[in-house]
Amino acid sequence: MFADYTAAELTSIFAMQGFAGLILFSILVLMALGLAIIFGQMGVINMAHGEFMILGAYITYLTSNLFSEHAAALFDGYFFIAMALAFVATFALGALVEWALIRHLYRRPLDTLLATWGLSLILQQTYRSVFGAREVGVTLPDWLMGSYPLTEMIEIPINGIFVMVLTLLITLGVYLVMFRSRWGKQVRAVVQNREMAGAVGINTEKVDRMTFALGCGIAGIAGSAFTMIGSTGPTSGQLYIVDTFLVVVFGGAQSLLGTVASAFTISQAQSTMEFFLSGSMAKVLTLLVVVGILMLRPQGLFALKIRR
Amino acid sequence: MLLNKSVPNIPAGNLIHKTLKFVPREGLRRLSRKVVARALAVPMLATTLAIAPTGAAEVNSTGLAVTDDTVTVGILHSVTGTMAISETGSVQAEKLAIEQINAMGGVLGRKIKYIQEDGASDWPTFAEKSKKLLVNDKVAAVFGCWTSASRKAVLPIFEQYNGMLYYPTFYEGLEQSPNVIYTGQEATQQILAGIDWVVKEKGAKKFFLLGSDYIWPRTSNKIARKHIEKLGLKVVGEEYYPLGHTQFNSVINKIKLKKPDVIYAIVVGGSNVAFYKQLKAAGIDLTKEKPVLLTISVTEDEILGIGGENIVGAYAAMKYFQSLDNPNNEAFVKAFKEKWGKDIVIGDVTQAAYLGPWLWKAAVEKAGSFDIDKVRAASPGIELKTAPEGYVRIHENHHLWSKTRIGLAQMDGQYKVVHETEELMEPDPFPKGYQ
């Protein structure tokens, strides 16, 4: 299939394809980090993860409207404020949901699945009532749009770079919080042995609430960032949820490093195959490979070694 | 097949999805629907109905819900669920048409009353509700459905109970029922004119076909490919992505490599937004000479979500654009905005839905009766000179003769009409040599 092209063309296409894979990698990590914290660390199957992301997207939409109407001069920078607001709002909603719903269900994991699925339906209908059934268009500041031409063939999408940098920062942030802070140590203690952690004086309820809220907050930031590349509508969250679970389960539910590794594997496999096969076939093959590997390694790529 | 067992009303081969964003949950819902449908079936049959007084007998010999001064029709669309995003416009258009007809004195001297049911984006629910409208409410006509899947679900019911459905969406063709009038375009009307235009005006030689992965884009691209090859031109790529797909970087790279003159895009739903945003981010500027992007799936409604700045410069081939410049359309747009708000946009399907009640009225008046059989016999040849899209006429095959237009997407989310076919395009739901 490459006979018709010059070497220079092929080199640039492979460079761009590699870059497309990296963008997909960043997107998967961003999507999955929040869930990895909630599902991996707490064992809560949060079916409403996509809806938390879309809340972030809607907050971005509102902020963009607010700025274009009242502070057009500052419009270029609104995206950062929108992301901060998205984090705050989803963090708060996450804490509320944990308090009202999730904490009663910690010993009944399958019930959390149903409860959060119900929550996702409630949130979808709320978005539909508040923002209308139609998708909304989020206007981006000019500097986030378009591409940076590296050579004649290679063009680097600016929003792709933005997502990559953002993912890097957030992953770094999560790493510091989870592995370098006192609070992170408490979270890991609770994950490994809840009773023992409680016995040594850790307030497990508070740790749970903050962990859940943090996961939701990261989902909110992800949703905010995704307004650059995807749609914002009441049911848009559904587009992400399957891929998100795929990444987390494949990586090994309890390992954050596993999530990153799994996102990398899936994104590279997916984007390479997408180039040589059709989009639907690439998806089918990716899923087959994941299923195959999970059959051989049910615990996922990385498993936490602890004594139960 | 499992599908057949759980949904007795829909043959498995007929589960055709026109615009659908999320499929996996259906399995869950279907189970409960089955139970509900069974439970409802018995009381439905037992319900009695008010038969119209004798004065109405001459215009209604089959016991439809017609009185001396009213006639009842049904509106059946999704106002909840995934499809609400698309179907809301159709409901609004149909209500507006009914209101206007009533203001003119109604149909055969009778005011139209409507019963609105919600299909809830769920095909078995559509079937259930259509049965309710036909059997319980005895409606004289139903305006409704949007996706092909919902139409296929209600079709056996309309044929069994002899109802009349006015279906507004442009669709893949390959269907012709005595109980349906198709007010949108079938595939060939939309596709052939568009490709002819881009070949003639833009000198296009190489095409890249792209679509969401289900029957409508696949059938449409099949027709497009045949037509392109008939013209002696080349298809350099054909790609499909799952519904709801949000990552188009790989296909955009392929497009860059193959350098087509035309990107022929039939992407639907939320994927649309992702596709156009990423196309722009990858440096493919649609306002430039090449490549030309031609779509048949993006109406003004979709642009609201995509954002005008992301799609400016793309071309769409359809029969109606809100910006059409004629007195009918001016009056229609004005009335629509007065009733539903000044910020609203009107897409191709919304206008087609608006035609439904008017075509039905004309057929009833020609037949001098509300009887379904007489209305059906009177339908072919019915003309509408007041249609916002201009003149339309019902063909023998129950589709409409209509013109196809090419619109150029603008920054403000509207299309500018740059071309329209001189003649009405003949509807051809079973195109020979294209299957």
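**Notebook: helices, cores and a chain contact**

I began with helix α7 of chain B, where I found Trp216(B), Pro217(B), Thr219(B), Ser220(B), Asn221(B), Ile223(B), Ala224(B), His227(B) and Ile228(B) to be buried. I note here that the model is a predicted one. Next I looked up what covers these buried residues, and the list includes α5 (148-160), α6 (187-202), β6 (206-212), β7 and β8 (262-266) of chain B.

I then checked the length of α7(B), which runs over residues 215-230. Its 16 residues, at 1.5 Å a residue, should span 22 Å, and because the end C-alpha atoms are 22 Å apart, the expected and the computed values agree. Just after α7(B), I came to Gly232(B), which takes a positive phi of about 80°.

Turning to the nonpolar cores, I noted that the largest has 132 residues, and that those with the most contacts inside it are Leu28(A), Leu30(A), Ala32(A), Leu33(A), Ala222(A), Tyr264(B) and Ala316(B). Helix α1 (residues 7-42) of chain A gives the largest share of this core, 20 residues. A second, separate core has 72 residues, among them Leu64(B), Ala140(B), Val154(B) and Ala387(B). I followed up Ala222(A) and found that, leaving out residues up to four places away in sequence, Ala222(A) touches Leu30(A), Met31(A), Gly34(A), Met53(A) and Gly56(A).

Where does Leu114(A) have its place? I found Leu114(A) in helix α4 (residues 109-131) of chain A. Leu114(A) counts as partly exposed because 13 other C-beta atoms lie within 10 Å, whereas a buried residue would need 20 or more and an exposed one would have 12 or fewer. I also saw that the C-alpha atoms of Leu114(A) and Asn46(A) are separated by 9.2 Å, although the two residues are 68 residues apart along the chain.

My next entry concerns a helix pair in chain A: the axes of α9 (residues 238-251) and α10 (residues 256-276) come within 7 Å and cross at roughly 120°, and the crossing is right-handed. On the α9(A) side the contact is made by Leu246(A), Val247(A), Val248(A), Phe250(A) and Gly251(A), while α10(A) brings residues including Gly258(A), Ala261(A) and Ile266(A). By class, I recorded seven nonpolar, four polar and no charged residues in this contact.

Last, I looked at where the chains meet, and found 35 residues of chain B in contact with 40 residues of chain A. On the side of chain B that touches chain A, the largest share, seven residues, comes from α9(B). By class, this side of chain B has 14 nonpolar, 14 polar and seven charged residues.

Conventions
Residues are numbered from 1 along each chain as its sequence is written. Chains are lettered from A and ligands numbered from 1 in the order in which they are written. This is a predicted model: local features need pLDDT of at least 70, side-chain atom pairs count only at pLDDT 80 or more; totals for chains, interfaces and linings use all residues. Helices (H or I, at least four residues) and strands (E, at least two) are DSSP runs, numbered from the N terminus. A nonpolar core is a set of buried Ala, Val, Leu, Ile, Met, Phe, Trp, Tyr and Cys residues joined through C-beta atoms within 7 Å. Two residues are in contact if their C-beta atoms, placed from the backbone, lie within 7 Å. Axes are lines fitted to C-alpha atoms, for helices over the stretch in contact, and angles run from 0 to 180 degrees between N-to-C directions. A crossing is left-handed if the near helix is turned anticlockwise from the far one by less than a right angle, and right-handed if clockwise. Ala, Val, Leu, Ile, Met, Phe, Trp, Tyr, Cys and Pro count as nonpolar, Asp, Glu, Lys and Arg as charged, and the others, Gly among them, as polar. The expected span of a helix is 1.5 Å times one less than its number of residues.
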